[in-house]
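Here are my notes from going through the model, jotted down point by point. Have the structure open while you read.

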Amino acid sequence: MRAILSVWDKTGIATLARRLAELGWEIISTGGTQRALEEAGVPAIPVSDVTRFPELLQGRVKTLHPAIHAGILARRDQPEQVAALAEHRISPIDLVVVNLYPFGEVVRSEAPLDEALEHIDIGGPALLRAAAKNFPFVLPLVDPLDYEPVLQRLAQGGPAAVPLSERRRLAAKAFAHVATYDAVIADYLRDPRELPDQLPLALVKARELRYGENPHQQAALYHLARPTAPAGVQRWRQLGGPEMSSNNYLDAVAAWQVVSALPQPAAVIVKHANPCGAAHAPELRHAYELALASDPISAFGGIVALNAPVDAGTASALAERVYDIVIAPAFLPEAVHALARRRNLRIVEAPEPPEPGAWSIRSLDGAALVQQADYEPAERGEWRVVTRRRPTLEEWDSLRFAWQVVRFVTSNAIVLAHGTASVGIGGGQPNRVDAVRLAVGRAGERARGSVLASDAFFPFPDSIQVAAEAGVTAIVQPGGSRRDDEVVQAADQAGIAMVFTGVRHFRH
């Protein structure tokens with residue numbers, strides 16, 4: 001029985017080789033792996049002795065040879081293939097242990113292109129693919145965690161003691177290892193501004209979750225393996241509270257996106273992935289209190305996101321109410337202590353804002369929808385006043401704030417704001433006038449003197465009439481309706497200032 005060992009990650013490789021040798025296996029090895037085995041006192045045959053051909057191109061070509069690949073690919077149940085091996089004096093290879101050059105780590109270190117290309121493994125993937133293709137007869141190993149279970153099987157009865165189901169699992173793992181590796185390389189080489197014809201996604205499981213959207217659904221968190229530095233939830237750190245569920249992550253990401261778009265210090269409260277309160281103020285605690293006042297009923301059991309380090313005073317105010325998660329870029333030690341009084345509160349540290357320009361990927365019944373994330377600056381486009389009355393300076397500040405928040409509310413989306421705090425939010429309605437009514441109803445008397453932001457145009461003037469009756473004084477919206485003239489006329493009749501942005505922010 002023969003094994004070929006060629007690994008970049010040498011964790012456990014000496015122990016594996018030593019125990020294989022004790023079981024009577026002949027070990028073939030390459031370059032750095034062979035040196036590691038020699039240092040550990042484990043004999044190994046150089047690949048060049050098997051191929052009877054020297055390594056070429058400074059090691060670029062060493063295992064790409066029929067003496068190696070025929071030994072891996074030959075089907076032991078096909079007499080003509082076994083005879084071909086004998087004719088050419090090639091011995092079968094029964095175990096392939098390979099993991100690949102650390103391409104991702106190299107490019108994350110901002111290595112130049114030449115160095116990155118040198119770390120694209122060629123021989124390793126070929127060995128793994130060959131072994132995985134022939135898994136009924138050859139064992140492919142890519143993960144040091146699999147060494148011990150396979151060794152135990154081999155000690156019990158040699159390769160025949162490894163059942164077909166386990167061989168199949170190891171083959172799938174090998175193909176996934178190679179596919180992930182290739183996806184990272186493709187991500188590095190392609191133009192990030194383009195949507196390619198083929199978009200392989202390399203997903204690496206970070207952790208099992210308590211459950212999915214409901215307790216009967218399994219779920220896990222996967223990270224995108226990319227050639228850039230880890231970002232987003234990969235950098236989050238949980239400082240306290242129970243494990244996160246699927247819904248926890250969805251809500252926390254939604255809250256973190258909103259608060260990261262606001263000036264510091266700001267606070268946002270999210271429930272079921274929708275903001276129910278948002279504000280920024282000179283002090284973080286005041287921003288939180290203003291956000292809470294927007295909709296204290298919906299805030300119960302929600303997620304609070306803050307875009308400045310959390311101090312003890314803000315933490316004490318947060319601990320007075322029931323929330324699922326508090327997420328912020330940092331927490332002072334005394335803040336963590338205050339929040340820890342709530343045993344079921346998850347305390348999450350997010351050291352950086354969402355990655356600008358990142359792709360948004362959503363699953364659709366057997367397909368995926370990929371688009372550039374909506375991280376455009378809030379004042380992108382040419383804002384223009386379309387009514388006789390122009391907004392006051394105070395209204396301009398409120399309009400800019402409301403426009404920042406409304407793009408994160410599910411369409412149809414309406415945000416009422418007073419100063420730099422929301423006072424009523426309506427979204428997810430089949431028609432826009434109902435969304436306005438919902439926002440106005442939540443604001444109550446606070447709607448009087450507020451401004452309104454709408455994520456898309458008003459198809460009819462009815463929403464303007466509802467807003468006017470509630471006391472709204474200024475509106476920001478994209479414009480572009482066939483009835484824009486009627487909508488503007490309704491605003492003029494009510495004395496409302498209206499601004500068109502020319503940019504829509506649907507969120508489904």
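1. Start in helix α10, where E166 and R169 sit three residues apart, about one turn of the helix. Keep in mind that this is a predicted model. The two side chains form a salt bridge, with 2.8 Å between the closest N and O atoms. R169 comes out as partly exposed, at 35% relative accessibility. This pair doesn't stand alone: through shared partners, salt bridges link D143, D146, E166, R169 and K173 into one network.

2. Stay with that network and look at K173, which pairs with D143 in a salt bridge whose closest N and O atoms are 2.9 Å apart. K173 belongs to helix α10 (residues 164-189), while D143 is in the loop between β5 (139-141) and α9 (147-157), so this bridge ties together parts that are 30 residues apart in sequence. K173 is partly exposed too, with a relative accessible area of 28%.

3. How many salt bridges turn up in the whole structure? The search finds 20. Another one to click on is E26 with R2, where the closest N and O atoms are 3.8 Å apart; the cut-off is 4 Å, so the pair does count. E26 lies in strand β2 (residues 26-29) and R2 in strand β1 (residues 2-7), so the bridge ties together parts that are 24 residues apart in sequence. The two ends are not equally accessible: E26 is partly exposed, with a relative accessible area of 34%, whereas R2, at 10%, counts as buried.

4. Now for a charged residue without a partner. D484, in helix α19 (residues 484-494), is buried yet makes no salt bridge. Which side chain of opposite charge is nearest to D484? That would be R384, 6.0 Å away, and a salt bridge needs the atoms within 4 Å. Leaving aside residues up to four places away in sequence, D484 touches G479 and F500. I'd be curious what you make of this one.

5. Last, a helix pair. The axes of α4 (residues 66-73) and α8 (residues 123-133) come within 8 Å and cross at roughly 25°. Angles under 35 degrees count as roughly parallel, and that is therefore how α4 and α8 run relative to each other. On the α4 side, I68, H69, I72 and L73 make the contact, meeting A126, L127, A130, A131 and K133 of α8. By class, that contact has seven nonpolar residues, one polar and one charged.

Note on methods: Residues are numbered from 1 along each chain as its sequence is written. This is a predicted model: local features need pLDDT of at least 70, side-chain atom pairs count only at pLDDT 80 or more; totals for chains, interfaces and linings use all residues. Side-chain values use heavy atoms; hydrogens and water are left out. Helices (H or I, at least four residues) and strands (E, at least two) are DSSP runs, numbered from the N terminus. Buried means under 20% relative accessible area, exposed over 50%, partly exposed in between (1.4 Å probe, protein chains only). Lys and Arg count as positive and Asp and Glu as negative; His and the chain ends are not counted. Contact means heavy atoms within 4.5 Å. Axes are lines fitted to C-alpha atoms, for helices over the stretch in contact, and angles run from 0 to 180 degrees between N-to-C directions. Angles under 35 degrees count as roughly parallel, over 145 as roughly antiparallel, 65 to 115 as roughly perpendicular and the rest as oblique. Ala, Val, Leu, Ile, Met, Phe, Trp, Tyr, Cys and Pro count as nonpolar, Asp, Glu, Lys and Arg as charged, and the others, Gly among them, as polar.
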